[in-house]
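Hi everyone, thanks for making time this morning. I'd like to walk you through how the chains in this model meet, and then look at some charged pairs. Here it is on the screen.

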Amino acid sequence: MKFNISTKGFTDIIDITSMVEKEVEKSKVKDGICLVFVAHSTCAITTIEYEGGAIKDLKRALEIIAPMNEDYEHCKKWGDCNGYAHIRAALMKPCLAIPIEDGKLALGTWQQLVLVDFDNRPREREIIIKVVGK
Amino acid sequence: MKFNISTKGFTDIIDITSMVEKEVEKSKVKDGICLVFVAHSTCAITTIEYEGGAIKDLKRALEIIAPMNEDYEHCKKWGDCNGYAHIRAALMKPCLAIPIEDGKLALGTWQQLVLVDFDNRPREREIIIKVVGK
Amino acid sequence: MKFNISTKGFTDIIDITSMVEKEVEKSKVKDGICLVFVAHSTCAITTIEYEGGAIKDLKRALEIIAPMNEDYEHCKKWGDCNGYAHIRAALMKPCLAIPIEDGKLALGTWQQLVLVDFDNRPREREIIIKVVGK
């Protein structure tokens, strides 16, 4: 199961909860594990309370951990100036697993599933959903 | 499968290994995957050598990555001054998956499973365990 | 399923994609989840574009997050001066899950699976692969 998302890049943080929920429903699995995965080296999947303040705070924290405008070796070598994006993605990782209970994602009320696209341009991204269980 | 944990908040790091092991035993699964998940937006699950020194070191590192007393947008907007907690949780994530071999968690000797509660007050937290396999 | 890797330690980052792919092939699972796990408290598993520039950049970022030569409590207490390694491992975690589609890992072209060994000496490490699905 898959779906596509258009992103603006530059650490664009997009709520994908309802899209993942739809795929879980289609799978008919009532009890199991849902894996959310993005097959790109400049993206990550995580959870956050999806409100403007926390989103801004996460972007600022990532700017301290791996600043956009530092000199990256990846950039010097390939002219591909998204070095920060590769580092943020390697630290935050492209996968997240959520339990499925009674056919639904066992997420908290203030816990939304997000795709984070770090790349330095708008992109079209594919999200893979894999459900195992019964 | 679920159990509850009382935490002190403020990046309280609690060893939950034996509680998770008990749930895996109850599941009767001998070979598979155990997902540990916390359905709250200010908590994370990880592994660490559970000894006082490493625990203090982790708290100090998190204080550099997302300091408690910085000005967070989340706080300005909602008066909810746990902005640091949301950022730490989004970076460290609420899930961890461990292989099950011969009915046991395949953890290393110095590798304990921990709940980290970042929130700025004591909380009661629910840990969800989902086991798949045979 | 398991295999061993010799590492140089000191945040040695090793591409293990082809080794994991071989284990997935042996499992005969066509559709499911592959969990990659390292049962050591000073290692992590992640994905990165495996090229020299990005590898150097990741090492530099980790040196900011948890510097090698800081005073760690773990070191003061146990004389075991790999405190930085425990912190990096707790932040980056020992597991990564990838979807399996048509019997293959659903990784992107520039997305390699890596073992990161943070310890302060060469080590022999065991990687555990667990596949669930059909």
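Let's begin with one pair: A:Lys130 and C:Asp31 form a salt bridge, with their closest N and O atoms 2.8 Å apart. Please keep in mind that this is a predicted model.

A:Lys130 has another partner across the chains. C:Glu101 also forms a salt bridge with A:Lys130, and here the closest N and O atoms are 3.1 Å apart. That pair crosses between chains, going from strand β5 of chain C, where C:Glu101 sits, to strand β8 (residues 123-133) of chain A, where A:Lys130 sits.

Are these two residues buried or exposed? C:Glu101 has 19% relative accessibility, and the cut-off for buried is under 20%, so C:Glu101 counts as buried. A:Lys130, at 4% relative accessibility, counts as buried too. And there is a wider network here: salt bridges link A:Lys2, A:Glu126, A:Lys130, C:Asp31 and C:Glu101.

Now let's step back to the whole contact between chain C and chain A. How many residues take part? There are 34 from chain C and 26 from chain A. The area buried between these chains is about 2,500 Å², and carbon and sulfur atoms give 63% of it. The rule finds five salt bridges across this interface, along with 19 residue pairs in polar contact, both residues being at pLDDT 80 or more.

Which elements of chain C supply at least two residues each to the side that touches chain A? They are β3 (31-38), β4 (43-48), α2 (52-65) and β5 (95-101). The largest share comes from α2(C), with 10 residues. Sorted by character, the residues on this side of chain C divide into 19 nonpolar, seven polar and eight charged.

One residue I'd like you to find on the screen is C:Thr46, in strand β4 of chain C. C:Thr46 is buried, with a relative accessible area of 0%. A polar atom of the C:Thr46 side chain lies 2.7 Å from the backbone oxygen of A:Ala90. Setting aside neighbours within four places in sequence, C:Thr46 is in contact with residues of both chains, including A:Ala90 and A:Lys93 on one side and C:Met92, C:Leu96 and C:Gln112 on the other.

Let's move round to chain B and chain C. This contact takes 34 residues from chain B and 26 residues from chain C. The area buried between them is about 2,500 Å², with carbon and sulfur atoms giving 62%. Here the rule finds five salt bridges. One to look at is B:Arg60 with C:Glu70, where the closest N and O atoms are 3.1 Å apart. Among the elements that give two or more residues to the chain B side are β3 (31-38) and α2 (52-65) of chain B. The largest share of that side, 10 residues, comes from α2(B).

So how are the copies arranged? A rotation of 120° with 0.0 Å of shift along its axis superposes chain C on chain A, with an RMSD of 0.0 Å. The two copies are thus related as by a three-fold rotation axis. Within chain C, the C-alpha nearest the axis belongs to C:Ile65, 4.0 Å from it. Only 15% of the interface residues of chain C are also interface residues in chain A, so the copies meet through different surfaces.

Last topic: charged pairs inside a chain. Over all chains, a search of the whole structure finds 36 salt bridges. In chain A, the side chains of A:Arg88 and A:Glu63 meet in one, at 2.8 Å from N to O. Because A:Arg88 lies in helix α4 (residues 83-92) and A:Glu63 in helix α2 (residues 52-65), the pair ties together parts that are 25 residues apart in sequence. A:Arg88 counts as buried at 2% relative accessibility, while A:Glu63 counts as partly exposed at 31%.

Then there is A:Glu73 with A:Lys76, a salt bridge with the closest N and O atoms 3.2 Å apart. Both residues lie in helix α3 (residues 73-78) of chain A, three residues apart, about one turn of the helix. A:Glu73 is partly exposed, with a relative accessible area of 25%, and A:Lys76 is exposed, at 57%.

That's my tour. Thanks for listening!

Conventions: Residues are numbered from 1 along each chain as its sequence is written. Chains are lettered from A and ligands numbered from 1 in the order in which they are written. This is a predicted model: local features need pLDDT of at least 70, side-chain atom pairs count only at pLDDT 80 or more; totals for chains, interfaces and linings use all residues. Side-chain values use heavy atoms; hydrogens and water are left out. Contact means heavy atoms within 4.5 Å. Buried area is the accessible area (1.4 Å probe) that two parts lose on being put together, summed over both. A salt bridge is a side-chain nitrogen of Lys or Arg within 4 Å of a carboxyl oxygen of Asp or Glu. Helices (H or I, at least four residues) and strands (E, at least two) are DSSP runs, numbered from the N terminus. Copies are superposed by least squares on the C-alpha atoms of residues with pLDDT of at least 70 in both. A polar contact is a pair of N or O atoms within 3.5 Å; within protein, one must be able to donate a hydrogen and the other to accept it, and residues adjacent in sequence count only if both atoms are side-chain atoms. Ala, Val, Leu, Ile, Met, Phe, Trp, Tyr, Cys and Pro count as nonpolar, Asp, Glu, Lys and Arg as charged, and the others, Gly among them, as polar. Buried means under 20% relative accessible area, exposed over 50%, partly exposed in between (1.4 Å probe, protein chains only).
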